[in-house]
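Open the model in your viewer and keep the selection tool at hand. This tour goes stop by stop, saying what to select and what is there.

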Amino acid sequence: MKRNTFYLVIGILVLLEVGVFWLAIEQVEPLLIQIAIPVGVAAFYLVRSMVEEPIQDERTNMITQKAAVATLAVFWVAFFVMSIGSVVYGFNEPLGIRPPPLPRVFDSSPHMPIGDAAGAIPYFGRFGMVQLFLLALIIILYAVFRLYYARQYGEWEQDEE
Amino acid sequence: MKNKIKVYRAMHDITQEALANKLGVTRQTILAIEKGKYVPSLDLAFKIARHFGVTIEEVFTYEEP
């Protein structure tokens with residue numbers, strides 16, 4: 001398989017994943033996307049192994065490593081800031097002990113109701129959103145650093161040949 | 001680090017793509033080395049020199065930064 005075909009197949013895979021995600025939301029079936037993601041990742045590695053031309057070498061590996069380290073160096077600060085903010089809610093009572101659950105499920109106070117299965121789902125949803133936000137942050141940071149180091153190590157250099 | 005890969009390529013009439021395929025790297029890596037944007041590992045430097053049938057010093061010259 002040619003390199004350009006590989007990129008085309010990956011684009012189609014991403015579109016399929018987005019479609020499954022939309023379907024999962026429509027059907028309220030998280031299992032759909034939870035299965036589709038690992039299958040998609042496995043398909044990615046399978047398709048990548050079929051590329052005949054080298055798409056990875058020591059230079060691209062070095063770019064990846066540098067971008068990963070830079071991403072980690074910035075991300076841990078963002079992660080720490082988010083976590084320490086959450087910890088404040090956890091320790092806002094003496095000895096960190098929370099008051100009993102509030103009678104209303106969707107109370108606007110910072111005290112989250114505990115032990116209420118009906119009310120727990122939206123809070124899990126919010127937790128998922130925070131996680132997705134952090135994941136998006138990692139991806140954006142990584143992409144930015146990767147572009148920076150790729151440019152530094154001649155990824156888009158043009159040559160007369 | 002200066003190098004004469006382009007000169008040796010011309011002498012052997014080989015393209016960046018062909019050299020890259022023979023060495024198992026991408027064409028961009030050969031281009032980046034030629035332009036001095038990337039310093040290859042010792043392993044790759046030896047492979048390049050060996051491919052042209054010369055010593056590593058004949059292809060690469062160290063320069064004080």
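**First stop: an exposed isoleucine**

Select A:Ile139: it counts as exposed, because its relative accessibility is 52%. Three words will recur: buried means under 20% relative accessible area, exposed means over 50%, and partly exposed is in between, with a 1.4 Å probe and protein chains only. A:Ile139 sits in helix 4 (residues 117–152) of chain A. Now add A:Thr71 to the selection. The two residues are 68 apart along the chain, and their C-alpha atoms are separated by 8.8 Å.

**Before moving on**

This is a predicted model, in which local features need pLDDT of at least 70 and side-chain atom pairs count only at pLDDT 80 or more, while totals for chains, interfaces and linings use all residues. Residues are numbered from 1 along each chain as its sequence is written, chains are lettered from A and ligands numbered from 1 in the order in which they are written, and side-chain values use heavy atoms, with hydrogens and water left out.

**Chain A as a whole**

Show chain A as a cartoon. Which elements appear from the N terminus on? The run is α-α-α-α. That comes to four helices and zero strands. Helices (H or I, at least four residues) and strands (E, at least two) are DSSP runs, numbered from the N terminus.

Switch to a surface. Chain A exposes about 11800 Å², and carbon and sulfur atoms supply 73% of it. Such areas come from the Shrake-Rupley method with a 1.4 Å probe; for residues, only the protein chains shown count as cover. Of the 161 residues in chain A, 20% are buried.

Contacts come next, meaning heavy atoms within 4.5 Å. Take those in chain A between residues at least 6 apart in sequence: 61% join residues at least 24 apart.

**Two stops in chain A**

Select A:Thr60, in helix 3 of chain A. Is this residue buried or exposed? A:Thr60 counts as buried, because its relative accessibility is 8%. Leaving out residues up to four places away in sequence, A:Thr60 touches A:Ile55 and A:Arg146.

Go to A:Phe44, in helix 2 of chain A. At 26% relative accessibility, A:Phe44 counts as partly exposed. Beyond its neighbours within four places in sequence, A:Phe44 is in contact with A:Phe6, A:Ile10 and A:Leu13. Then select A:Leu134. It is 90 residues from A:Phe44 along the chain, and the two C-alpha atoms are 23 Å apart.

**Salt bridges**

How many salt bridges does a search of the whole structure find? It finds five over all chains. A salt bridge here is a side-chain nitrogen of Lys or Arg within 4 Å of a carboxyl oxygen of Asp or Glu.

Select A:Glu53 and A:Arg3. Their closest N and O atoms are 3.4 Å apart. A:Glu53 is in the loop between helix 2 (30–49) and helix 3 of chain A, and A:Arg3 is in helix 1 (residues 3–27) of chain A, so the pair ties together parts 50 residues apart in sequence. A:Arg3 counts as partly exposed, at 22% relative accessibility.

Jump to chain B. Select B:Glu63 and B:Lys2, a salt bridge with its closest N and O atoms 3.8 Å apart. B:Glu63 lies in the segment after strand 2 (60–61) of chain B and B:Lys2 in strand 1 of chain B; they are 61 residues apart. B:Glu63 counts as partly exposed, at 39% relative accessibility.

Now pick B:Arg9 and B:Glu34. Their side chains meet in a salt bridge at 2.5 Å, N to O. B:Arg9 is in helix 1 (residues 5–12) of chain B and B:Glu34 in helix 3 (residues 27–34) of chain B, so the pair ties together parts 25 residues apart in sequence. Both residues are buried.

**Where the chains meet**

Show both chains. 19 residues of chain A are in contact with 21 residues of chain B. The rule finds zero salt bridges across this interface. Helix 3 (58–90) and helix 4 of chain A each supply at least two residues of the side that touches chain B. Helix 3 of chain A gives the largest share of that side, three residues.

**Last stop: confidence**

For the complex, the predictor gives an ipTM of 0.89 and a pTM of 0.73.
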